[in-house]
Amino acid sequence: MSLWGFLTGLIIGIVPLMFFFRFVRGRFLFFSNPYLKGVVAGFLLWAIINLFFWAEAQFNMFGLLRGEEGYSTMYIITTSLQGFLTAGLVAAFAANKLWANKAPKT
């Protein structure tokens, strides 16, 4: 793990996971706890991004991983799991605080 990987995962993961929590209500897979749901969603987002970069490395579709810059990009993305997990936790916390149903107490 590197600091750049952590920050990259946190920055890349926070916006899609906030949209995820905005539009997905109830159970996600079989998780009903929002924090566990955030961690699983962060892991799945990280896995999807890694699959995209693996396909890019195999077939060189866009030329993103060519040369030294490509090697460092692949290193940063593969070590960013902790950042994506933290982004999932932050998104779950923000979703609970921002979009919670505020029913008046009677």
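The side chain of Thr 79 reaches the backbone oxygen of Tyr 75 at 2.9 Å. This is a polar contact, meaning a pair of N or O atoms within 3.5 Å; within protein, one must be able to donate a hydrogen and the other to accept it, and residues adjacent in sequence count only if both atoms are side-chain atoms. Thr 79 lies in the loop between helix 3 (67–78) and helix 4 (81–98). Helices here are DSSP runs of H or I with at least four residues, numbered from the N terminus.

The model is predicted: local features need pLDDT of at least 70, side-chain atom pairs count only at pLDDT 80 or more, and totals for chains, interfaces and linings use all residues. Residues are numbered from 1 along each chain as its sequence is written, and side-chain values use heavy atoms, with hydrogens and water left out.

**Buried or exposed**

Buried means under 20% relative accessible area, exposed means over 50%, and partly exposed is in between (1.4 Å probe, protein chains only). Four residues can be set side by side.

| Residue | Place | Relative accessibility |
|---|---|---|
| Thr 79 | loop between helix 3 and helix 4 | 15%, buried |
| Phe 52 | helix 2 (residues 34–59) | 36%, partly exposed |
| Gly 9 | helix 1 (residues 3–23) | 0%, buried |
| Phe 23 | helix 1 | 65%, exposed |

Gly 9 counts as buried because its relative accessibility is 0%. What does Gly 9 contact, leaving aside its neighbours within four places in sequence? Its partners are Ser 80, Gly 83, Phe 84 and Ala 87. Contact means heavy atoms within 4.5 Å.

Distances along helix 1 and beyond can also be read. Phe 23 and Trp 4 are 19 residues apart in sequence and 30 Å apart in space, C-alpha to C-alpha. For Gly 9 and Phe 30, the separation is 21 residues in sequence and 25 Å in space, again C-alpha to C-alpha.

**Glu 56**

Glu 56 belongs to helix 2. It is buried yet has no salt bridge. A salt bridge needs a side-chain nitrogen of Lys or Arg within 4 Å of a carboxyl oxygen of Asp or Glu. The nearest side chain of opposite charge, Arg 66, is 6.4 Å away. Lys and Arg count as positive, Asp and Glu as negative; His and the chain ends are not counted. Instead, look at the backbone. The side chain of Glu 56 reaches the backbone nitrogen of Gly 63 at 2.8 Å. It also reaches the backbone nitrogen of Met 61 at 3.4 Å.

Note on methods
Helices (H or I, at least four residues) and strands (E, at least two) are DSSP runs, numbered from the N terminus.
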